[in-house]
Amino acid sequence: MNVMTILIQGTLLGGLYALFAIGLSLTFGIMRVVNIAHGDLITLAAFAALVVTDTLAISPFVALGVVVPLFFALGYLLQRGLLNRTLGDSILPPLLVTFGLSVIIQNVLLEVFGANIRRLPVGNLETASLQLPAGIAIGVFPLIVFAAALICLGALQYLLYRTRLGRAFRATSDDPETAELMGIDNRHLYALAMGIALAFTALAGVLFAIRTTFDPASGPIRLIFAFEAVIIGGLGSLWGTLLGGVVLGIAQSIGAAISLEWQILAGHIAFMIILVLKPDGLFPRTQD
Amino acid sequence: MSQSDERNTADLMTIDGIGRRRVLRSLAVSGASALAAPALMIKPAQAAGRPIKIGFVSPQTGPIAAFGEADTFILDGVRKALGKGIVVAGTEHPVQIIYKDSQSNPNRAAEVAAQLINNDKVDIMLASSTSDTVNPVADQCELAGVPCVTSDDPWQAYFFGRKGDPKKGFDWTYHFFWGFENIAEVFSNMWNSLPSNKSLGLLFSNDPDGIAANEQLPGVFAKMGFTVTTAGLYTATTDDFSAQIAQFKKANVEIVMGIFTPPAFATFWTQCGQQGFRPKLVTPAKAVLFPSAVAALGPRGVNLTTEVWWSPHHPFKSGLTGQTAQQFCDEYTRVTKRQWTQPLGFKHATLEVAIDVLKRAKKLEAAAIRDAIAETNYNSLVGPIQWKTGPVRNVCLTPLVGGQWRKGKSFPYDLDIVNSQSAPSIKPDSVIQPIIYT
């Protein structure tokens, strides 16, 4: 296990964590809402993709064309119909509601799909790899996941900083009251933000379900790495989220190279160190 | 989010965690009483005694819910077989089975066990499926002096996991299953029946099962003549195994054995493919027990090997319903449209052993029931049960054989028994094969 392999595998793993974290980063950045149900929404997307691939007999990649718009709509309705009502001075009501949502999603999935372990099959792509010199092998699928994280972040960057909608998002994020005075409908805007966040979450869920198996209880574990990636990178910062994921991934790879017991712990330790040294994360966009 | 916000989040999650448990608990209680209602409605027969209460703790929700998936089917079958009740010391008593969900959580398992003991005042406690369910329940019973029968957890994890002393044993709690020595024997029998370089790679989960295995198995396999490469203990949330795979490749490992959770194994096995690591045999204990877990691996599930504690081909019968293992599984598939799983047999056996114990109890009180457990000599759906000749006083060993997953006929995968040197009464279905790579 040489240094090169550690860095490559760690970076690829970081791409996965960043992908998990994008939706979380976006909802926090704009609405200051921490979505505790994020991990369960990833699992829900995986199950939705499973239903789509099974009933239409199509590849999981094609199923994205159904699941992503579906989750956009779900996000919009969820925010408009439920979460908007919880927004206010206190951060607690949305937290409580999303926590409840997390419990509901898990139990509904268990009731509907049972406890069986599932996976989205993509045939040989699952185990395909590129051979590099010095005996380094890179899985094609982890590479796709990393590329997907880059493309998503790039697209989101464009949306937020180059479009009218993005300007409205940023304005609302900075000062909701003034934005409203300027004629922005915050409720609609928040719903759009949640819709976009869930569209990315759906993508993350489908890629996650191809990468490994999932069951109704898989969600909460995903939440912690997404949280850590967001916080390491700096809340609300998009590229910081990617960097946060990569820091977490490389820390875990280094830990694993030392001793397997250190793998996950090393990631948490890196998280702790960054929290102590830079409590706002590496690239804090918001100072509140 | 600022630091103070985060602290709020952390506080909230604790408070909320309790709230959630409370809600679920009340749901579980109402569920349990709904289940118990039919037993209460049975009109007392002549000279009927008080209802006998059996507490049963099992994971019906949460990460290990697959173990409890058949519980409703099993309870229905047992309740039907019991009819009006059983005769204990000359008096007929109706039987009430109070079922509680452990939610795959050891704290919750201890909590519901305490409820069953203190509120329901159960006469005998049952629990099954993994240390996380069995150990906390047995501990509560040992403390409260309630007779307890458990199954489906390797006996070392049950006995030493509860700080048992082999000289003294436990007073109230009894267990039947196999142990790590059986796993070592069965696995090595399987591996030795194929030509290989005997280079073995080991990888364990960092949980009670994996820690116990990590302490015992590497030494045992080394003594059996395998060259052992131990990669250590991985955390359940691991998403990357490339370091361990590199280590196995370097040691030219041809056989991989580990204790895995199913998602961790799926990640590991996919990465083996990506990294071009092609062992001849892979035996991930615990990870491929269930057909659904193998089906989730797609075509790469073919010829994975596993421990088999029970199958429709085991030559045993239920002493309660008279069904053979095959009949029992066929009935399960007919009613639920699902493929049989190994916990089926053990869940049923745990209940039927308890009923046999109650029938033999001289009196309907804790000490008499406990003595009846110790005196058990019973032929169950998973084989003979008696606590006279076990490795320790409170443990009865059941047979273990080796199996291999094959492309299935009516379901995606079928489990063939490929090695039964350790339990010759069970006949192999086919001969072990190396994993085929295309």
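Helix H8 of chain A, residues 186-211, checks out on length in this predicted model. At 1.5 Å a residue, its 26 residues should span 38 Å, and the C-alpha atoms at its ends sit 37 Å apart, so expectation and model agree. As for its surroundings, 23 of the 26 residues of H8(A) are buried, which means that the helix is largely enclosed by the rest of the structure.

Over in chain B, strand S7 (residues 173-177) gets similar treatment: five of its five residues are buried, so S7(B) too is largely enclosed by the rest of the structure. The side chains split between two directions, with Thr173(B), His175(B) and Phe177(B) pointing one way and Tyr174(B) and Phe176(B) the other, and all of them are buried.

S7(B) also has strand partners to look at. Strand S6(B), residues 148-151, runs parallel to S7(B) and is joined to it by four bridges. Strand S15(B), residues 395-397, likewise pairs with S7(B) in the parallel sense, here over three bridges. Phe176(B) turns up in both pairings: Ser151(B) stands opposite Phe176(B), while in S15(B) its bridge partner is Cys396(B).

Zooming out, the domain assignment cuts chain B into two domains, each made of two segments: domain 1 takes 3-178 and 314-397, and domain 2 takes 181-308 and 400-419. Where the two meet, 12 residues of domain 1 of chain B are in contact with 10 residues of domain 2 of chain B. On the domain 1 side of that contact, the residues divide into six nonpolar and six polar, with no charged ones.

Key:
Residues are numbered from 1 along each chain as its sequence is written. Chains are lettered from A and ligands numbered from 1 in the order in which they are written. This is a predicted model: local features need pLDDT of at least 70, side-chain atom pairs count only at pLDDT 80 or more; totals for chains, interfaces and linings use all residues. Domain bounds come from an automatic or database domain assignment. Two residues are in contact if their C-beta atoms, placed from the backbone, lie within 7 Å. Ala, Val, Leu, Ile, Met, Phe, Trp, Tyr, Cys and Pro count as nonpolar, Asp, Glu, Lys and Arg as charged, and the others, Gly among them, as polar. The expected span of a helix is 1.5 Å times one less than its number of residues. A residue is buried if 20 or more other C-beta atoms lie within 10 Å of its own, exposed if 12 or fewer, and partly exposed in between; C-beta atoms are placed from the backbone. Two strands pair if DSSP finds at least two bridges between them.
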